[in-house]
Number of protein chains: 2
Amino acid sequence: MGKYIFGVDIGGTTVKLGLFTAEGELLSDWEIKTRTENKGENILPDVAEAIALKMKEENISKDEVLGVGLTAPGPVLKDGTIKGAVNLGWGTFNLSKTLSDLTGLKVESGNDANVAALGELWKGGGMGYSDIMMVTFGTGLGGGLILNGRIHTGANGAAAEIGHIPFCEPEDEPDTCGCGKRGCLEQYTCANGAVHVAKRYLDEHPDEACGLRNISNFTSKDIFDFVKAGDKTACKIAEKIYRNIGRGMAMISAVTDVEAFVFGGGMSKTGQMLIDGVRKYYVNYAFPACRNTDFKLATLGNKAGIYGAAKLIIDSED
Amino acid sequence: MGKYIFGVDIGGTTVKLGLFTAEGELLSDWEIKTRTENKGENILPDVAEAIALKMKEENISKDEVLGVGLTAPGPVLKDGTIKGAVNLGWGTFNLSKTLSDLTGLKVESGNDANVAALGELWKGGGMGYSDIMMVTFGTGLGGGLILNGRIHTGANGAAAEIGHIPFCEPEDEPDTCGCGKRGCLEQYTCANGAVHVAKRYLDEHPDEACGLRNISNFTSKDIFDFVKAGDKTACKIAEKIYRNIGRGMAMISAVTDVEAFVFGGGMSKTGQMLIDGVRKYYVNYAFPACRNTDFKLATLGNKAGIYGAAKLIIDSED
């Protein structure tokens, strides 16, 4: 009785699902396609069907399922209401209640970045801490704030929207961020931001040779590959990016004083190099009492979401 | 039995004390001098004596005291350890345990800015909310972060040190902040910061007439008095200050997404004018989902500390 938990992570392309024991052991994980057509009306029915199918395959009864943890890419309030998810075509509705009605199971929901942070705290790079800021360096800059072991959601489900910290005065930044503002932290730090910083540097220093000049539409990976290869200009660019991230993290610690930052997402694959680069600037920008904040790498990759989703159910049983 | 609580707020000049009912009604409040000589060794014994005296006067037995809530100007960890208090001459020691040994009563401790925030949440400008950032515009810029109705202390007791958010690049700011860094938010926003902004503006615009030019060593109050009197240059300076505060608050809400900011301290006596001025810029800098964050004025004045201290005891009984 009460032996299983489902963790479900809805992304714009695929839905990741995991079957866990009540103790948090991942027994199996699989994916289904995210059908975003017709305002995403099929997504939750597809999830319900995938769960029902797995229960049938594994001969699991409803009584044996503690619940379904669910995460989606949009702001999710404490009561399970999602306030729209642009990538899925969704408007505002109660995510937990809707999937619960479809499955007959208890459902707990959260925002994808927050839930991934919870997963990393539980079983990944944040193990052993109770207060972390997870920072996901993807196309944009995502954040997930865990305090006292629980997700801090915020009044509008918008806590840890650290990519949108007004980092530079708008006057300094001609391009508009996806959120409609200018000067957002993610414009200077994430994969796209890094490319932006690099292009700007190369434009402003036309006399400096750099391997990046030979690659049309270079990516943040290219920048760090050239850094590893010892390209001097790429190294200068990387220092600018590290400085931006270090200053951004110092802004966050002056507000939250977390125990650790956990870095995930594509750009974090540069590993210890990123951490060492960032920390060097962080210690100078941070409030003195916060200079020793730990920096860790995420370890769960794209499974952080299903782990965190499963943990939502475990926490709800407390 | 268990009918009384003491709230004690240790400042650099005076210690404020309050006797409360268990329900949080303030029965009486008084002050004693803070004796900072000899590394502040007399301060806690003086507090213990003041409490014992009041208990004798009011004929209160130890069994009738739920506990003593205590606040001091320094970082206080969750276990009651204060990591130094420069203004009192104190090093690091366990504040709660020390006063508990002196009084034989239960003691709960917290940092003064945090505890004042808790007081405002409980009985002041933050009533009705569970997540607030209290912002104290004093000589410096203080902060107190309350989440889920409780103080968020941080790993080093340095959460809500919002005055030290690295607001501007050091390059923009020749003067050093009290913390040793440059470009801290408080250098652009608090009473001293406002004067600094004004002086800089006046230096950079020597041709603009302004009443402030006739006052040597003008204060932030003078700036806002001239604003109220319609001095055009003072108004421009105030807009710069409002913009700085608005942008700083937007940084905080992108991390915490609090329900409300509660403004206290000397500069907040300008009241609704300050809130209206700040909000105008806040809505442009804030992440769109957080644009409707409430702005409130603190109402407890210098009694916020003793109220919050009393609440520490009430919360510890849960």
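Me: How many salt bridges does the structure hold over all chains?
Reply: The structure holds 22 over all chains, where a salt bridge is a side-chain nitrogen of Lys or Arg within 4 Å of a carboxyl oxygen of Asp or Glu. This is a predicted model, in which local features need pLDDT of at least 70 and side-chain atom pairs count only at pLDDT 80 or more, while totals for chains, interfaces and linings use all residues. Side-chain values use heavy atoms, without hydrogens and water, residues are numbered from 1 along each chain as its sequence is written, and chains are lettered from A and ligands numbered from 1 in the order in which they are written.

Me: Which side chain does A:Lys280 meet in a salt bridge?
Reply: That of A:Glu239, at 2.8 Å from N to O. A:Lys280 lies in helix H8 (residues 272–285) of chain A and A:Glu239 in helix H7 (residues 232–256) of chain A, so the pair ties together parts 41 residues apart in sequence. Helices here are DSSP runs of H or I with at least four residues, strands are runs of E with at least two, and both are numbered from the N terminus.

Me: And how many salt bridges across the interface of chain B and chain A?
Reply: The rule finds zero there. There are 26 residue pairs in polar contact between chain B and chain A, both residues at pLDDT 80 or more. A polar contact is a pair of N or O atoms within 3.5 Å; within protein, one must be able to donate a hydrogen and the other to accept it, and residues adjacent in sequence count only if both atoms are side-chain atoms.

Me: Which element gives the largest share of the side of chain B that touches chain A?
Reply: H7(B), with nine residues.

Me: How many residues of chain B are in contact with chain A?
Reply: 46 residues of chain B, with 46 of chain A; contact means heavy atoms within 4.5 Å.

Me: How are the two copies related?
Reply: A turn of 180° and a shift of 0.0 Å along the axis lay chain B on chain A with an RMSD of 0.0 Å, by least squares on the C-alpha atoms of residues with pLDDT of at least 70 in both. The copies are thus related as by a two-fold rotation axis. The same surface serves both, as 100% of the contact residues of chain B recur in chain A.

Me: Switching to the sheet in chain A, what is the strand order?
Reply: E10-E9-E8-E11-E12, an open sheet of five strands with mixed pairing; two strands pair if DSSP finds at least two bridges between them. Strand E10 (150–151) and strand E12 (294–297) are the edges, each pairing on one side only.
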